[in-house]
Amino acid sequence: MFKNYFKIAFRNLLRNKGFSFINIVGLAIGMASALLILLWIKNEVSYDQFHAKKDRIYEAWNRASFSGELRCWNTTPKVLARTMEKDFPEVEQAVRVNWTSSILFTVGEKRLTVKGNTVDSNFLQVFSFPLIKGNAQSVLNDPHSIVLTESLAEKIFGKEDPMGRVIKLDNKDNATVTGILKDPPNNTRFKFEYLLPYSYFRAQGNDDENWGNNSIRTYVMLKPNASPASINEKMKTFKPRYDKNEPKWEMFIYPLERWRLYSSFKNGVEDNGGRIEFVRLFAIIAGFILLIACINFMNLSTARSEKRAKEVGIRKVVGAQKSSLIGQFIGESILMAFLAGIVAIIIVALTIPAFNKLVNETVSLNLGSVTAWLAGFGFIIFTGLLAGSYPAFFLSSFRPVQVLKGTFKKAHALVTPRKVLVVLQFTFAIVLIISTIIVKQQIDYAKERQTGYDKNNLVYHFMTGDIAKNYELIKNELLAAGVTSSITKTSSPLTESWSDGWGQEWEGKDPNDKTDFYRYTEDGGLGVTAGLQFTMGRDIDLKQFPTDSTAMIINESALKVMKFKDPIGKIVKDNGIEWHIVGVIKDFILTSPYEPTRPMLIAGPKNKWLNAMMMKFNDKNTTAVNLKKAENIFKKYNPEYPFEYRFVDEEYALKFEDEKRVGTLAAIFSGLTILISCLGLFGLATYMAENRIKEIGVRKVLGASVSGITALLSKDFLKLVVVSFVIAAPIAWWAMSAWLKDYPYHVEIKWWTFALAGILSIIIAIVTVSYQAIKAAIANPVKSLRTE
């Protein structure tokens, strides 16, 4: 029986090559799209789930009120880890993790800059990063030990055994390789190429016991059966015991399983936002794309019902049960899904590198896994059942008497399942079109926002190696060579905030004020270098005003908070230093272009926290000439380190990457949805033209024009697209309004966006249907009527 079913299914495929091709291609594109999204979702939900003790690992967070808002963040005081081990019997171990900026590794003549983490010695006992060589219990015990990843060890030492070898760090300290780690998987928040012990960090003078310095991440592993709720209750009053200045400051621990997807808080409470919104969104998109591909199958199968009707009638007359017919038709759909699945796997294998680049992740199609193959077969069978269920029940329900008499066809109905399915297809496609347009508008809107400074020809270089020692020599030579027009030192790049804080004092301050200020440092000339816009006063200038080491510039948002009528000369106390205000600048965007600017304090170099060299390249030279000359000067005074410059405009452009990614994915999937829908529409138009060929012949004989017949054949499909638009427009408006509300600075949704999407969808439908309609309209009526 099954052999016969297979033969019949295969013969039907060959007999109807056009429809089979449309079905297989449509299903394959839908399955490939859904499979790529599902692989990405699998990667997202598996983040850090490989740790053996994951159920007991938590991250410490702060919760406190600033500027009238209850905020949560996950950087903590350095002293927290050891204090929690001492004060909480439920805590088995606590681990501190700190990222390190690029360190120069030197081994013989080989030099390279590498990024890694500084961690407590018990890091590898808490987190499951397997060692290839070394002992997890002791590998980081020595302050001068270092653990390398497998790929970094090979990069430095080649095929030689790296264990016991010495690496010079930043040309001053030696570290001995005590362990080799397997490269961390891509689905972890910990991105490192090496691990240095926290004791090394302490030896550099970077440790402190200041409860107000939140600059490191702290993780705790609870004892088995310990209650996190009990710990969180105690942590509400934990910090005030050690910091009397913060009586209402709370802390809490946050479980590993929620780090990746859920760590989004609003007014001190997890708001169920974060990356889980993207996961849900693309899960819905994957489901709809697969559903649309299956709808094509359903529509084309039911549209061809007349050709299978006599077969069904004869089978029923000779005794076939309805269940056996359903089994046969579902078997045919599963065979079709199997062929489409093979094509889909080929598509995924070919496109996955480009997809990884697009989503900035590393997802893979693990064809060597039995589980993966079982899941693949399950996916194919599910698709076959979904696509074939309605046609199977529809075809098997024909009554043999009506079929064999030729009276089974129903009169033309206003609403049919086939029409509903076409409307559903195009509704989803139009929603995606509208969403893609609005995402692009939002990105363009933020890009056009005034940054408050001049990004052009603005370059920075971190203060690596001997740059700090030779800064004046480098600066003078760059200026003398005409490479730059101005230079300054800053605490961080102009596109990043490395410090913020509260508790500053000034004349007339409200005792209840708890404004959180961005902190920034410069050593003079930032205004002219970055093109900042002063509304009052002047820039910091140490040459003309030696006391400017304690000078401060504030932005307009800070002035509103401080409420000075004449701020110049006013004193602001911060971090134990009295700063005098010398200037006020217009707000500029330091972090996200989608958020309002915040109060900002730019201090002089008294605190000596200067990490970057900011340069304005001379626009009279080409960029290539400026870079070449600058590299030679940096190499002259900092020969051991590579010349690693960054353009501020390129760094600023990176702020739009996430939204660009969403927009590109939405555009791609809307395109694929439209393609699949149009394949189905093309198939339906082809079948309609075949079925109505004699009617068209009669109309032409009676004088109907080509344009009239084309309009007649096309109008039914266009009506469905218009109905789809009417349904899609409010859905898209609601969805995009919900997405935009997360951006304080966002575009307004315009009516013409919907009009454009509606016109595009109608044009696409006309182009798809018109070929078959025109082909049928211009056919010779003699050929279509000669059998009558």
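Which residues have the most contacts inside the largest nonpolar core? The legends below take up this question first, and they describe a predicted model throughout.

**Figure 1. The largest nonpolar core and the surroundings of Phe 123.** The largest nonpolar core has 70 residues, and those with the most contacts inside it are Phe 123, Phe 127, Phe 190 and Leu 195. When neighbours within four places in sequence are left aside, Phe 123 is in contact with Val 95, Val 97, Phe 129, Phe 190 and Leu 195. Another core, of 46 residues, lies apart from the largest one, and among its members are Ile 438, Tyr 453, Leu 458 and Phe 588.

**Figure 2. Aromatic rings around Tyr 219 and Trp 259.** A pair of aromatic rings is described by the distance of the centres and the angle of the planes. In this predicted model the count comes to 45 aromatic pairs. For Tyr 219 and Trp 259 the ring centres are 5.2 Å apart and the planes stand at 50°, so the pair is classed as tilted. Because Tyr 219 lies in strand E10 (residues 217-222) and Trp 259 in helix H8 (residues 259-262), the pair ties together parts that are 40 residues apart in sequence. Tyr 219 and Trp 259 are both buried. Ring pairs also link Tyr 219 and Trp 259 into a cluster with Phe 50, Phe 123, Phe 127, Phe 129, Phe 190 and Phe 192.

**Figure 3. Strand E4 and its pairing with E3 and E9.** Strands of a sheet pair through backbone hydrogen bonds, either parallel or antiparallel. Strand E3 (residues 91-107) pairs with strand E4 (residues 110-119) in the antiparallel sense, over nine bridges, and within this pairing Thr 100 stands opposite Gly 116 in E4. The hairpin of E3 and E4 has two residues between the strands, and in it Gly 108 takes a positive phi near 65°. With strand E9 (residues 194-197), by contrast, E4 pairs in the parallel sense over three bridges, and the bridge partner of Val 119 in E9 is Pro 197.

**Figure 4. An open sheet of four strands with two helices packed on it.** The strands follow the order E15-E24-E14-E25, and their pairing is antiparallel. Strand E15 (484-490) and strand E25 (645-647) stand at the edges with a single partner strand each, so one side of each is left without a neighbour in the sheet. From one strand to the next the twist averages 25°. Strand E14 (residues 458-462) is joined to E25 by three bridges, and His 461 has Tyr 645 in E25 as its bridge partner. Helix H15 (residues 471-480) packs on the sheet and touches E15 and strand E24 (612-617), its direction making about 160° with that of E15. Helix H18 (residues 623-637) lies across E14, E24 and E25, and it runs at about 145° to E24.

**Figure 5. Rings and charges at three sites.** Tyr 645 and Phe 647 form an edge-to-face aromatic pair, with 5.7 Å from centre to centre and 85° between the planes. Tyr 645 has a relative accessible area of 32%, so it counts as partly exposed, whereas Phe 647, with a relative accessible area of 12%, is buried. At another site, the charged end of Lys 489 sits over the ring of Tyr 471, 4.3 Å from its centre. Lys 447 lies over the face of Phe 656, at 5.9 Å from the ring centre.

**Figure 6. Contacts between helices H14 and H23, seen from Ile 433 and Thr 753.** Ile 433 has its place in helix H14 (residues 417-447), and, with a relative accessible area of 8%, Ile 433 is buried. Not counting residues up to four places away in sequence, Ile 433 touches Ser 670, Ile 674, Ala 757 and Leu 760. Ile 433 and Gly 758 are 325 residues apart in sequence, yet their C-alpha atoms are 9.1 Å apart in space. Thr 753 is found in helix H23 (residues 751-777), and its relative accessibility of 0% means that Thr 753 counts as buried. With residues up to four places away in sequence again not counted, Thr 753 touches Ile 434, Ile 437, Ile 438 and Gln 441.

**Figure 7. The surroundings of Ser 499 in a loop.** Ser 499 is found in the loop between E15 and strand E16 (500-501). Is this residue, Ser 499, buried or exposed? Its relative accessible area is 17%, and because buried means under 20%, Ser 499 is buried. Leaving aside neighbours within four places in sequence, Ser 499 is in contact with Phe 517, Tyr 518, Arg 519 and Trp 609.

Definitions and conventions
Residues numbered from 1 in each chain as written. Predicted model: local features only at pLDDT ≥ 70, side-chain atom pairs only at ≥ 80, totals over all residues. Heavy atoms only, no water. Phe/Tyr/Trp six-rings, centres within 6.5 Å; stacked < 30°, edge-to-face > 60°. Buried < 20%, exposed > 50% of the residue type's maximum accessible area, 1.4 Å probe, protein only. Lys NZ or Arg CZ within 6 Å of the ring centre and 35° of its normal. Pairing = 2+ DSSP bridges. Axes fitted to C-alpha atoms, helices over the stretch in contact; angles between N-to-C directions. Contact = heavy atoms within 4.5 Å. Core = buried A, V, L, I, M, F, W, Y, C linked by side-chain atoms within 4.5 Å.
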